[in-house]
Each structure stands twice: as C-alpha cells, then as structure tokens.
Amino acid sequence: MTTVSEIFQTMAYGPAPESDKQAREWLAKHGGEGGVGAGGEFGLFVGGSWVKPASGEWFDVINPATTQRIARVPQAGKADVDAAVAAARAAFPGWSGLPGHARARYLYALAREVQRHARLLAVLESMDNGKSIRETRDLDIPLVARHFYHHAGWAQLQESEFAGATPVGVVGQIIPWNFPLLMVAWKVAPALAAGNTVVLKPAEFTPLTALAFAEIVAEAGLPPGVLNVITGDGRTGALLVDQADVDKIAFTGSTEVGRVIRKATAGSGKKLSLELGGKSPFIVFDDADLDSVVEGVVDAIWFNQGQVCCAGSRLLVHEGVAERLVAKLRARMEKLRVGPPLDKAIDMGAIVAPVQLERIRGLVSKGVEEGATMWQPSWACPTEGYFYPPTLFTDVSPAATIAQVEIFGPVLVAMSFRTPKEAVELANNTPYGLAASVWTENINLALDVAPKIKAGVVWINCTNVFDAASGFGGYRESGFGREGGREGMWEYLKLQWDEGRGTGDGSKRSVAKGASRRTRPSSPVPLPPIDRTYKMFIGGKQARPDAPYPRAIVAPDGRRLAEVGEGNRKDVRNAVEAARAAEGWAHTTGHTRGQILYYIAENLATRTDEFAARIDAMTGCGPERARAEVDAAVSRLFTYASWADKYDGQVHPTTIRGVTLAMNEPIGVVGIAAPEDLPLLGFVSLVAPAVAVGNTVVAIPSEIHPLAATELYSVLETSDVPAGVMNIVTGSKDELSKVLADHLDVDAMWYFGNQVAAAEVERASAGNMKRTWAEWHARDWLDPHQGEGREFLREATQVKNIWIPYGE
Ligand code: NAI
C-alpha cells in the first residue's frame with residue numbers, strides 16, 4: 001500500500017499563482033500596458049504631482065520573469081533633477097518646522113497606507129523585480145511598514161532624544177534594484193522622520209513600487225515637495241549627486257559607483273552615507289547543527305536569487321564536516337524550485353535583468369576556468385524569462401575570482417578551514433565588510449569569533465535578519481553610515497553648532513500651525529449625554545462593580561454629570577487577577593506594544609472633541625485647555641508607542657573578557673493611582689509608559705474627575721488591547737491605593753496624590769517589598785520635561801544583567 005510519506009515524495013507541485021489583476025489595473029491606470037497616460041507613460045513625481053519630464057525621454061520597464069514590457073518611465077534630465085530639488089527645498093522649512101509629533105503622525109499614516117496596499121505592492125514588486133511573491137509578501141512589504149512605524153517613533157522623540165540636532169536639509173537618495181521598496185523605506189523613513197525633504201531616484205530596472213509609494217505619500221496627505229521621485233539610470237543619479245542645492249547623498253549600490261560618488265562629493269560639504277557591496281562569509285564550525293545550517297544557507301544565498309548585498313556567498317566550513325554538509329546541500333538544492341515569481345510555491349524567481357544574468361554566467365564560467373568544481377541541480381530552469389539555477393562551487397582557492405568578487409547571484413562558493421583562527425582569516429580575506437554569520441553550538445566560540453570579523457553585522461546561528469531598530473551598514477569597502485536604529489537617525493541630522501556645514505536651513509524652524517491636528521473635525525460637537533453609569537474595566541470588559549451604590553460625579557456648578565462604580569477590595573482583587581493573567585504581554589515584542597499604543601492614540605484622536613467637552617464639563621477648565629489636554633494625551637501615547645521598541649539596554653564594560661548585557665525588563669503588575677488635575681493626561685502619562693515596556697496595570701483614575709478615564713473604556717475596547725493589560729477601577733483613590741499597596745500579587749505601586757496617603761502606600765508596600773513611586777507635589781503634566789520621558793521608563797522597568805564571557 002502506498003504510504004502518505006511516499007505520496008509526499010512523488011507528488012508534483014501544482015501551480016499556485018497569486019493574481020496580478022490588481023497590479024495590472026494599477027499599471028493601466030497609470031499609463032503602463034497601453035494605459036491612459038500620455039503616450040502610455042508614467043510621469044515624475046515632483047512637488048506633489050505627476051509631471052512630464054522636460055527631457056522628453058522615457059524607457060521601458062520589463063518584467064524579468066516574462067520579458068514583457070509592463071510600463072514606461074521617464075529618464076529624468078538636468079532640468080527635471082533641478083525642479084525636484086527645488087520642490088524639496090521649498091518644502092523644507094515647513095516640514096522641518098513641524099513639531100516631531102506632527103511628522104510622527106505622517107510617518108505613522110504612511111505605515112498604515114503601506115499595510116493597506118500590501119497586496120498591490122507585493123505583486124507589483126514581484127512583477128518588476130522577478131523576486132518571489134513569498135518574499136515580497138512575507139518579508140519586503142512587512143519590513144517596509146515596520147520601518148515607517150519605527151521611524152514615526154523617532155520623529156516623535158526627536159526633540160528629546162536628538163536635542164541640539166537639526167535636519168540636514170534636502171537629501172538625494174539613490175537606491176538599487178534588489179529590494180526596491182524596502183530600500184525606499186530604509187532611506188525615506190529616517191530622512192523624513194528627522195525633518196529632511198527628499199529627492200529619491202529608484203534603480204532603472206525597478207522603479208514601479210517607488211512610484212506607487214509616491215502615490216501613497218500623496219494619499220497620506222504629506223505636504224507637496226516633501227518626497228519627490230525621479231526615475232532614470234545612472235546619468236540621473238550622477239546629476240542628483242552633483243546638484244549644488246543637495247545637502248546630503250545617501251546611496252546603496254555597487255562599491256564601484258559608491259567610489260565615484262565619494263569622489264564627486266568630496267569637498268562639497270555634502271553629507272554622505274554609502275551602503276555598498278559585500279562578499280559575506282558564512283562560517284560553519286564542526287559542532288554546528290548541520291540541518292539548521294542547510295536551511296541557513298538557503299536563506300543566505302538563494303534568498304532573492306542571491307541578489308543581496310549581505311548574502312552569505314562564501315561558505316567557510318570546518319574540514320571535518322565539509323563533505324557531509326556539501327552532500328546535504330546538494331540534496332536540498334535538488335529540491336529547490338525555480339519558477340514564475342507569482343507562484344506562491346516557488347523558492348526562487350527570476351534574475352532582475354539580462355545584464356545581471358550575463359554577469360552571473362560570466363563569473364561562473366570564470367570559476368570553472370580557474371579550476372573550481374561547479375555543481376547545479378539536475379532539473380532545468382524555465383526557458384522564458386531570466387532564470388538561473390542555484391549553483392555550488394567546491395574546491396575553490398581563496399584567491400579565485402569567484403571567492404573575491406561580488407557575484408550578486410545564486411552562486412555559493414565553498415572553502416574549508418581547520419581552526420577558528422583560519423576561519424577568521426578567511427572571513428576577513430576580502431576588501432568588504434558588510435555582514436557575516438557564524439554557526440556553532442558553542443556560544444563561547446561564537447562570541448569569540450564575532451568581534452574578530454570585520455563586518456557591520458554578525459549573525460550567530462542565523463542569517464539575513466533585519467529590523468528597523470538595529471543599524472545596518474558596512475566596514476571597509478562595504479561603505480559607511482548606518483540605516484536603522486538610533487545610529488541610522490544620526491545620518492540625517494546635524495548638530496546645531498554645525499549649521500554652517502552644507503546648505504541646509506535647519507535653523508528656520510517656523511512651526512506650521514495645525515499640522516498635528518489633521519484628524520480633528522473642525523466643528524464643535526454637542527456635549528455628550530449626562531446620564532451614564534460607568535462600570536469598571538476589568539479583564540478587557542466593562543465589569544459590574546461589586547458594590548451596588550454608584551458614586552455621582554458632578555460638574556463645578558453642581559450639575560450631575562454621570563455615575564461611576566464605587567470600587568472596593570473585591571473589584572481590586574479581580575483586577576489584579578486579570579492583570580496577572582495577562583502577563584504574556586511582557587513577552588510580546590516592543591513593536592506589537594507600540595502598535596497598540598499608536599492605535600489607542602489614533603482612536604482617541606478621532607474623538608478629541610468629545611473628550612475635550614467631557615473634560616471641560618467635569619473640571620470647568622475651559623474648552624481650550626481641555627482640547628490642549630486631549631492633544632497632549634494623544635502625543636503622550638505616541639511618545640510611549642515610540643519608546644516601546646527603543647528603550648533598549650546596554651552592554652556594560654565590566655572586568656570580564658566578554659560582554660555584560662544589561663536588559664530592561666518590566667516589573668510585572670503595576671498599581672497606578674493617577675493625579676487629580678489633568679485627569680486624562682495624568683492618567684495616560686502613567687499608564688502608557690508602564691504598559692509600553694511590558695507591565696500590566698491596575699489603574700485608579702482621578703477620584704473627582706474620573707470620566708475621562710471611564711470614557712477610555714470604549715477606546716481601549718476598539719484598540720486591540722489584550723484583555724487584562726489595562727484594568728481600571730474607580731472610587732476612593734486613597735482607599736483603593738491602600739488595597740493595591742497591600743496586595744501581595746502587585747509588584748509595584750505608583751501613587752500621585754496627598755502626602756498622608758502616599759506615606760500609607762509606602763508603608764503597606766513592605767508586605768512583599770514592592771517597588772513604590774509615591775509623589776504629593778504637583779507636576780505640570782503638560783510640560784514634557786515633567787510629564788514624560790526616561791524617568792517614567794526607569795520607574796517601569798528593572799535591569800537584569802546577563803554576563804557572557806568570550807573565548808575558548
Ligand atoms: P549600481 O551601483 O550601478 O546602481 C545602483 C544605483 O545607482 C542605481 O539607482 C543606479 O541608477 C545608480 N547609479 C549608477 N551610476 C551612478 C552614478 N555614476 N552616479 C549616481 N548614481 C548612479 O549597481 P548596478 O549596475 O545596478 O549593479 C551592478 C553590481 O553592483 C551588481 O552586480 C552588484 O554586484 C552590485 N550591487 C550591489 C548592491 C548592494 O546592495 N550592495 C545593489 C545593486 C547592485
């Protein structure tokens with residue numbers, strides 16, 4: 001009888017194509033494929049609209065998997081480059097003058113728009129570049145959104161985290177074809193976050209997703225001229241580099257062109273960052289888990305057809321396991337599938353263009369000529385389109401051309417070593433230094449080797465892992481500058497004392513009014529109804545209070561506004577139980593926690609008028625101050641959404657030979673008693689930092705003005721906050737605080753109120769030696785120096801030191 005495993009061995013894959021209908025429609029709408037544009041062509045995106053190129057020249061965009069033309073785009077000439085730079089210059093004062101929070105909102109909107117258009121972008125990218133839909137859908141596009149989210153955070157934090165620094169000015173960005181939209185994100189997100197304006201030139205082979213992104217920028221409502229996209233080949237790139245009114249060039253591409261740009265910009269005062277090629281080592285020690293290594297190699301060199309600057313293109317393997325690993329690799333290669341990129345079941349798509357295919361073929365022939373042994377799987381690639389099979393070279397000498405030159409294709413060259421010292425020597429034996437990966441089960445060995453490799457990124461037992469929070473960039477001929485993380489932001493900033501450098505005008509930070517209030521409707525809404533009775537918010541639900549007698553909340557003029565639950569010991573107990581049950585929150589990523597805080601902010605912002613009216617009715621503070629409070633609460637939520645993936649630890653220089661990793665960890669369940677004045681902002685200012693770093697919370701809102709917090713119930717319910725992460729109990733603040741401080745399952749207690757109750761909280765906390773933060777002096781919660789920042793994050797975390805010695 002045939003077994004299931006036999007069926008799996010023999011079963012042929014059927015095609016599983018992703019539909020290209022939407023992308024084709026988009027292209028047709030924009031002039032591709034006999035569309036309606038002027039002569040079937042795209043325009044340039046300059047000053048917020050599509051313009052015809054003054055050059056009058058266009059060129060074809062080809063789908064490398066079908067060799068069919070899918071669009072025509074302009075070849076921008078000097079007048080076009082000048083116009084784009086002028087548009088960016090004109091937009092600079094307004095954009096750089098916006099408060100960081102306003103730019104954060106725009107970048108956040110871009111992230112959301114990218115997610116909304118994810119399918120179109122993934123298919124378009126695949127059609128334009130030839131890479132598999134699996135990669136564009138699961139890696140490129142999600143990472144694009146991630147970059148905009150992360151950098152929305154840096155925009156929000158810019159004034160505090162990069163105090164004394166200003167944007168550089170107008171930035172020219174030139175990107176390659178291997179990750180077309182991802183490179184847009186790596187370049188554009190930090191530049192815009194920091195307050196620069198941009199002229200972007202995508203690669204000539206792959207301009208389409210950059211153009212789609214320009215449309216997204218317009219949809220998201222960014223001011224005209226903040227981002228301009230001009231298409232063209234290297235000539236357009238060179239014009240942009242030479243343009244006198246550009247303050248910085250950011251380039252990713254070949255080392256050759258990087259060198260040309262370094263020379264061209266020398267002495268011009270232009271700031272420069274270069275992310276260039278690589279020939280990255282993939283080092284396998286004899287104790288590595290070889291099956292994981294095989295999958296690692298697939299990701300290192302056959303991912304994106306090997307057209308990856310940090311591809312693990314040199315396999316350096318301990319001679320004791322070399323033969324076994326090569327046998328396993330060949331077996332795996334035999335099972336890889338090369339085919340139409342839109343087929344969801346293929347592993348490798350097409351090579352970007354004939355010129356690249358020729359380059360790969362040429363270098364492979366050279367490898368054979370120089371005496372290495374070449375191996376390819378037995379199956380054949382599709383004949384239509386530019387395909388190349390996965391290829392493995394063995395018996396390669398370290399000085400061979402294929403061991404030294406970046407092939408930028410699915411070609412792996414294997415060499416062996418005997419000792420870790422020899423592995424490091426081989427690893428460093430190229431002019432490059434972009435990335436490396438090290439495979440061993442021995443952490444001491446891994447951490448001994450990692451610092452010795454000349455590379456900007458070292459991956460231990462993994463490869464090709466990227467994230468917006470971590471800088472990426474090279475050593476040596478792989479370039480300089482970093483993209484991502486705090487270090488990446490500095491590439492787009494200059495210190496204020498450095499104003500004279502370049503031609504940027506970062507000093508004129510005229511605040512453009514109203515930009516941070518885009519989501520607010522302009523007409524006032526009537527006061528909300530006054531006859532509501534609010535429950536508690538426990539375990540993600542509105543929970544009936546234990547006591548049957550509600551507490552009346554009255555306006556300053558004595559009017560009854562609403563009723564809230566009178567919380568007691570039992571309500572607190574339930575809330576603590578819910579908070580404890582939700583502690584999985586601590587293990588979610590900072591990215592996830594940030595997303596949820598952003599979402600709360602977004603939902604709160606859309607109800608600004610309603611919240612402001614409620615606060616005014618409760619406190620009598622006046623409509624303007626009430627509105628300012630809601631705005632500040634939205635901004636504060638943005639602040640902690642930003643911090644969620646940025647409050648990173650440190651590596652301490654201790655006395656061991658090794659690293660001591662200082663990790664910020666959440667404390668656990670935090671009880672919070674919010675201050676009385678500024679009832680929404682005070683509440684948000686304490687709850688947001690606590691949950692941003694992974695704590696769960698039981699919060700007691702302002703006792704006399706609790707309605708801003710109870711109104712939040714419905715905001716929390718619609719903002720994906722997991723049940724139990726934020727619990728709210730209303731009632732007598734001091735009594736409930738004492739109950740929380742006594743509770744043995746509460747790990748920290750924050751109290752903002754009067755001195756007597758604060759002392760009571762501190763005394764009661766000794767029960768389980770919980771951490772307390774008790775204050776009775778007034779803070780101005782509207783002042784960011786007093787109301788937000790690292791102080792709050794420090795209170796919300798505890799540091800764990802992890803020591804990792806190096807060496808064998
Ligand atoms: P390239 O470096 O020529 O192109 C990258 C970008 O620079 C494109 O947008 C191009 O139009 C622009 N450019 C070209 N000449 C320019 C100039 N003189 N001034 C300003 N901009 C200019 O890379 P290409 O020709 O597409 O690929 C050639 C080789 O470069 C590949 O085989 C690969 O080895 C390497 N490469 C490395 C990349 C990386 O990420 N490190 C990316 C792309 C290519």
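These exercises explore the ligand site and a surface patch of a predicted model.

**Exercise 1.** Find how many residues surround the ligand, and which are the closest.

Solution.
Step 1: Count the shell. It holds 26 residues.
Step 2: Pick out the closest. They are Ile 175, Trp 177, Lys 201, Glu 204 and Ser 254.
Step 3: Sort the shell by class. It has 13 nonpolar, 8 polar and 5 charged residues.

**Exercise 2.** Work out which helices and strands each supply at least two residues of the shell.

Solution.
Step 1: List the helices. They are H9 (234–242), H10 (255–265) and H13 (354–369).
Step 2: Add the strand. It is E9 (248–252).
Step 3: Look for the largest share. Helix H9 gives it, with 3 residues.

**Exercise 3.** Trace polar contacts of the ligand with Trp 177, Lys 201 and Ala 238.

Solution.
Step 1: Recall the cut-off. A polar contact pairs N or O atoms within 3.5 Å.
Step 2: Start at Trp 177. A polar atom of its side chain is 2.5 Å from a ligand oxygen.
Step 3: Go to Lys 201. An N or O atom of its side chain lies 2.9 Å from an oxygen of the ligand.
Step 4: Turn to Ala 238. Here a polar backbone atom sits 3.4 Å from a ligand nitrogen.
Step 5: Check the cover. On its own, the ligand has 790 Å² of accessible area, and the protein covers 86% of that.

**Exercise 4.** Identify which residues make the nonpolar surface patch of about 430 Å².

Solution.
Step 1: Name the members. They are Val 4, Ile 7, Phe 8 and Met 11.
Step 2: Place Met 11. It lies in the loop between helix H1 (4–10) and helix H2 (21–29).

Notes: Residues numbered from 1 in each chain as written. Predicted model: local features only at pLDDT ≥ 70, side-chain atom pairs only at ≥ 80, totals over all residues. Heavy atoms only, no water. Near = heavy atom within 4 Å. Polar contact = N/O pair within 3.5 Å; in protein donor to acceptor, adjacent residues only side chain to side chain. Areas by Shrake-Rupley, 256 points an atom, 1.4 Å probe, with all protein chains shown as cover. Helix = DSSP H or I, 4+ residues; strand = E, 2+ residues; numbered from the N terminus. Nonpolar A, V, L, I, M, F, W, Y, C, P; charged D, E, K, R; others polar. Patch = residues over 30% accessible without salt bridge, like charges linked within 9 Å, V, L, I, M, F, W, Y side chains within 5 Å. Salt bridge = Lys/Arg side-chain N within 4 Å of Asp/Glu carboxyl O.
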